[in-house]
Structure formats: C-alpha cells, structure tokens
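Please look through the sequence and the structure shown below, and keep both at hand while you read the paragraphs that follow.

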Amino acid sequence: VLMDKGLVRVAKLHLSERANQLPAGEMATMLQAFATWRVDDVAVAAASADAVAKHATRGAALPELSDALFALARLGAPCGALQRRLSRRLEEQPAELHGLQASVLVRLLRGLGNA
C-alpha cells in the first residue's frame, strides 16, 4: 500500500488534537486507515479509544463503533474502556444487535474479544 508520510503526519496531528470533537464515523474511517497503513502511535490510538468510548456512551451507531473498535484492535491500542462501555450497552439494549449486518457483528465481536 502506498502512503504519503506527510499526509499520515497531518492526520495523526488532526486526530490527536480533535479526537473528542470528531464524529464517530470519521474516527472509524481514520482509524481503519491507520490500521491499514500500520501507523504505530500509542498516544494517538489511546486518545482515539477514549473518544470512541465517549461516542459509545452518547449512543453512536453500532456499525461506526464496531469499525472503530475493530481498527483499534488491529492497531493493538488499549481500548478496555470502549470494550466495557459497548458490552454494558449491549447487555442493557440487546435489541440493538437485531438487524445488524453479519460483517458488523464480526467486527464487533472481534473487537470485544480482543480484551
């Protein structure tokens, strides 16, 4: 995979500075790109995991959260808070799982199982 190191540097800076302000879908997309490019930055991954955990509490859509969680798991990022919040949310609202695509469920289970 070709990647522009300058673009990665700008994306990491953007993500670390604005992690708490970005929508869950944008976070998931950036994290998936980082995982694909094998961008190893523990500080950015930790800040991202915390921000996505807040989105989970605020009721962000499960497909976006599963994408972010799966990417964080691929990055080896610490995401225990996100895993706990998602687990609690699904225990309290199991109906949220109904109607999800199989691919979303697989990413969600992979991310939750990567504790």
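In which helix does Arg-89 lie? In this model, which is predicted rather than determined by experiment, Arg-89 belongs to helix α5, the helix made of residues 80–92. Arg-89 counts as buried, because its relative accessibility is 9%, and buried here means under 20% relative accessible area. Leaving aside residues up to four places away in sequence, Arg-89 touches His-55, Ala-56, Gly-59, Ala-60, Leu-62, Leu-65 and Glu-96. One of these neighbours, Ala-60, has its backbone oxygen 2.7 Å from a polar atom of the side chain of Arg-89.

Another neighbour of Arg-89 brings us to the pairing of charges. Side chains of opposite charge can pair when their charged atoms come close. The structure holds 2 salt bridges, and one of them joins Glu-96 to Arg-89, with the closest N and O atoms 2.6 Å apart. The two partners are not equally accessible, for Glu-96 is partly exposed, with a relative accessible area of 23%, whereas Arg-89 is buried at 9%.

In the other salt bridge, Arg-107 pairs with Asp-67, and here the closest N and O atoms are 2.5 Å apart. Arg-107 lies in helix α6 (residues 102–113) and Asp-67 in helix α4 (residues 62–75), so this pair ties together parts of the chain that are 40 residues apart in sequence. Asp-67 is itself buried, with a relative accessible area of 18%. Helix α4 also contains Ser-66, which is buried with a relative accessible area of 0%. When residues up to four places away in sequence are not counted, Ser-66 touches Val-104, Arg-107 and Leu-108, so that Arg-107, the partner of Asp-67 in the salt bridge, appears again among the contacts of Ser-66.

Let us now turn to helix α6 as a whole. This helix has 12 residues and reaches 16 Å from its first C-alpha to its last, which is close to the 16 Å expected at 1.5 Å a residue. Which residues of α6 are buried? They are Val-104, Leu-108 and Gly-111. Seen down the axis of α6, these buried residues fall within an arc of 65°, and therefore they line one face of the helix. On the other side of α6, by contrast, Ala-102, Val-106, Leu-109 and Gly-113 are exposed. The buried residues of α6 are covered by parts of the structure that include α4 and α5, and contacts of this kind have already been met at Ser-66, which touches both Val-104 and Leu-108.

Key: Residues numbered from 1 in each chain as written. Predicted model: local features only at pLDDT ≥ 70, side-chain atom pairs only at ≥ 80, totals over all residues. Heavy atoms only, no water. Salt bridge = Lys/Arg side-chain N within 4 Å of Asp/Glu carboxyl O. Helix = DSSP H or I, 4+ residues; strand = E, 2+ residues; numbered from the N terminus. Buried < 20%, exposed > 50% of the residue type's maximum accessible area, 1.4 Å probe, protein only. Contact = heavy atoms within 4.5 Å. Polar contact = N/O pair within 3.5 Å; in protein donor to acceptor, adjacent residues only side chain to side chain. Expected span 1.5 Å × (residues − 1). Arc of directions from axis to C-beta.
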